[in-house]
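Trainee: I would like a close look at one part of this model. Please take me through the side chains there and what they meet.

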Amino acid sequence: MGFFKEFIRAEGNLELAGNFVKALEYLGRSSEVNREVGNKYNEGWTLVNMGVVYSRMNQIDTAIRYYQKSLLIAEEIENHRLILTCLDNIGGKYSMQRDFE
């Protein structure tokens, strides 16, 4: 459990420092490990976090893709909190793009 606590702290510090590339590197590694061990819950939340980082980098289309990937996992595992988070983020990003169709 120590690795994950250190990872979370490092991830947050990197993002706050604006080191988005490094944050995405760690998040990507986390996503891979979660997928390998079958931890869909953490994989879904990691994908949301990656979407947030891409959003902060103003790469809105990429952010939306990560939110949509997370949404698929959230629906599969029936995690309502994650579903709502994904839908809220997707809606917010489309609103930012002024894509109201």
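Trainee: Is Y54 buried or exposed? Please start there and work outwards.

Mentor: Keep in mind that this is a predicted model. Y54 counts as buried, because its relative accessibility is 15% and the cut-off for buried is under 20%.

Now look at its partner. The ring of Y54 pairs with the ring of Y66: the centres are 5.3 Å apart and the planes meet at 20°, so the pair is stacked. The angle decides that label, because planes under 30 degrees apart count as stacked. This pair links distant parts of the chain. Y54 sits in helix α3, residues 40-56, and Y66 in helix α4, residues 60-77. The two tyrosines are 12 residues apart. Y66 is also buried, at 16% relative accessibility. In total, the model has 2 aromatic pairs.

Y66 has a further neighbour. K69 lies over the face of the Y66 ring, at 4.6 Å from the ring centre.

Next, follow the chain between the two helices. N58 is in the loop between α3 and α4. Its phi is near 65°, a positive value in a residue other than glycine. N58 counts as exposed, with 60% relative accessibility.

A salt bridge also connects these helices. The side chains of E76 and K40 meet at 3.3 Å, N to O. E76 belongs to helix α4 and K40 to helix α3, and 36 residues separate them. So both the Y54–Y66 pair and the E76–K40 pair link distant parts of the chain. The accessibility of the two charged residues can be read off as well. E76 is exposed, at 52% relative accessible area. K40 is partly exposed, at 32%; that label applies because the value falls between the 20% and 50% cut-offs.

Just past the end of α4, look at E78. This residue is in the loop between α4 and α5, the latter being residues 80-96. E78 is not a glycine, yet its phi is positive, about 55°. E78 counts as exposed, at 59% relative accessibility.

One more contact involves helix α3. E43 forms a salt bridge with R35, at 2.9 Å from N to O. E43 is buried, with a relative accessible area of 8%. R35 counts as partly exposed, at 46%.

The structure holds 3 salt bridges. The one not yet named joins E25 and K22, with the closest N and O atoms 3.6 Å apart. Both lie in helix α2, about one helical turn from each other.

Methods:
Residues are numbered from 1 along each chain as its sequence is written. This is a predicted model: local features need pLDDT of at least 70, side-chain atom pairs count only at pLDDT 80 or more; totals for chains, interfaces and linings use all residues. Side-chain values use heavy atoms; hydrogens and water are left out. Rings of Phe, Tyr and Trp (its six-membered ring) pair if their centres lie within 6.5 Å; planes under 30 degrees apart count as stacked, over 60 as edge-to-face and the rest as tilted. Helices (H or I, at least four residues) and strands (E, at least two) are DSSP runs, numbered from the N terminus. Buried means under 20% relative accessible area, exposed over 50%, partly exposed in between (1.4 Å probe, protein chains only). A charge sits over a ring if NZ of Lys or CZ of Arg is within 6 Å of the ring centre and within 35 degrees of the ring normal. A salt bridge is a side-chain nitrogen of Lys or Arg within 4 Å of a carboxyl oxygen of Asp or Glu.
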